[in-house]
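Please open the model in your viewer, with a residue selection tool at hand. The stops below say what to select next and what is to be found there.

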Amino acid sequence: RCKAVVLISGGGSNLQAFIDQIEAGQLPLDIALVISNKPEAFGLERATRAGIDTLVVNHKAYPSRDDFDRALQRAIDAATPDLVILAGFMRILTADFVNHFRHRLINIHPSLLPKYPGTNTHQRALDAGDTWHGASIHFVVPEVDAGPIILQGRLKIRSDDNADQLQQRIHKIEHQLYPLAARWFAEQRLSQHNGKVLLDGETSDQQLQ
Ligand code: GAR
């Protein structure tokens, strides 16, 4: 079975989606460890409740980003994962860290990348008057919120939507998409070719555009 380490910074609703699907026998993944950079992250409680080991690697305890990322890398390596899942992990990672876990490090981002990398994505989509908004799951590369896209889900923005409502609706999409992407990885159905992700050796229509 595929062994994963999940990195969080906050509520951990995506972590919960993984836990629920694993417990229901729908996701062939074992979460060996959940790491948070914030000691107060509620996701740590979700992990403990599910009997998963947790660890806090507090970025404030390290003098530099390099030092923090090296400590994080050591902690992850000790768990010997096949897959490292960023699930609402809100720290920018160094190129050394990303390259160390290259091809086994995935992230979820609350926008239709390449639109709106960074933060505040829901408000930015509203301010731009966009019709569509969504979430993207991608392999991580050193450039922030870039990297080959595995899966995207989208929704239509309603005229009365605000950022909070959009976030809630995006979360629902994320909770379906992220376990599915992890499942494809665990089943070794994902590969990469010319910067694109292939599922069962095929490119999706959307990626060809
Ligand atoms: C999710 O919406 C995820 O897309 C976003 O943080 C939220 C975490 O929610 N990630 C980023 O913004 C990464 N830059 P959760 O803690 O409830 O899973």
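A residue is called buried here when its relative accessible area is under 20%. The model is a predicted one, and the tour starts with a residue to which that cut-off applies.

**His138**

Select His138, which lies in strand β6, residues 132-139. Because its relative accessible area is 1%, His138 is buried. Show the side chain of His138 and look for its polar atom that lies 2.7 Å from the backbone oxygen of Ala146. If you then display the surroundings of His138, leaving out residues up to four places away in sequence, you will find that His138 touches Leu105, Ile106, Asn107 and Leu113, together with the run Asp145, Ala146, Gly147, Pro148, Ile149 and Ile150.

**Asp69**

Move next to helix α3, residues 65-78, and select Asp69 within that helix. Asp69 has a relative accessibility of 1% and therefore counts as buried. Which backbone atom does the side chain of Asp69 reach at 2.6 Å? The atom to pick is the backbone nitrogen of Thr94. Thr94 is also among the residues that Asp69 touches once those up to four places away in sequence are set aside, the others being Ile92, Leu93 and Phe97. For a distance between C-alpha atoms, choose Asp69 and Asp96, which are 27 residues apart in sequence and 8.4 Å apart in space.

**Helix α1 and its buried residues**

Now select helix α1, residues 13-23, and colour its buried residues, which are Asn14, Leu15, Gln16, Ala17, Phe18, Ile19 and Ile22. These buried residues pack against the strands β1 (2-8), β2 (29-36), β4 (83-86) and β5 (105-109), and against the helices α2 and α6. Just after α1, stop at Gly25, whose phi is positive, at about 75°.

**α1 against α2**

Two packed helices are described by the angle between their axes and the distance between the axes. Add helix α2, residues 42-49, to the view: α1 and α2 pack at an angle of about 15°, and their axes are 9 Å apart. An angle under 35 degrees counts as roughly parallel, which means that α1 is roughly parallel to α2. The crossing of these two helices, α1 and α2, is right-handed. On the α1 side, the contact is made by Ser13, Leu15, Gln16 and Ile19, and on the α2 side by Gly43, Arg46 and Ala47. Sorted by type, the residues of this contact of α1 with α2 are three nonpolar, three polar and one charged.

**α1 against α6**

Hide α2 and bring in helix α6, residues 163-186, whose axis comes within 9 Å of that of α1 and crosses it at roughly 50°. The two helices, α1 and α6, are therefore oblique to each other. The crossing in which α1 passes α6 is right-handed. Select Ser13, Asn14, Ala17, Phe18 and Gln21 of α1, and then His171, Glu174, His175, Tyr178, Pro179 and Ala182 of α6, to see the residues that make the contact. Divided by type, the residues of the contact of α1 with α6 are five nonpolar, five polar and one charged.

**Leu29**

The last stop is Leu29, which is found in strand β2. Leu29 is buried, because its relative accessible area is 0%. Leaving aside neighbours within four places in sequence, Leu29 is in contact with Arg1, Cys2, Ala4, Phe18, Ile22, Leu83, Ile85, Ala182 and Ala186. To finish, draw the line between the C-alpha atoms of Leu29 and Phe18, which are separated by 8.7 Å and are 11 residues apart along the chain.

Conventions. Residues are numbered from 1 along each chain as its sequence is written. This is a predicted model: local features need pLDDT of at least 70, side-chain atom pairs count only at pLDDT 80 or more; totals for chains, interfaces and linings use all residues. Side-chain values use heavy atoms; hydrogens and water are left out. Axes are lines fitted to C-alpha atoms, for helices over the stretch in contact, and angles run from 0 to 180 degrees between N-to-C directions. Helices (H or I, at least four residues) and strands (E, at least two) are DSSP runs, numbered from the N terminus. Angles under 35 degrees count as roughly parallel, over 145 as roughly antiparallel, 65 to 115 as roughly perpendicular and the rest as oblique. A crossing is left-handed if the near helix is turned anticlockwise from the far one by less than a right angle, and right-handed if clockwise. Contact means heavy atoms within 4.5 Å. Ala, Val, Leu, Ile, Met, Phe, Trp, Tyr, Cys and Pro count as nonpolar, Asp, Glu, Lys and Arg as charged, and the others, Gly among them, as polar. Buried means under 20% relative accessible area, exposed over 50%, partly exposed in between (1.4 Å probe, protein chains only). A polar contact is a pair of N or O atoms within 3.5 Å; within protein, one must be able to donate a hydrogen and the other to accept it, and residues adjacent in sequence count only if both atoms are side-chain atoms.
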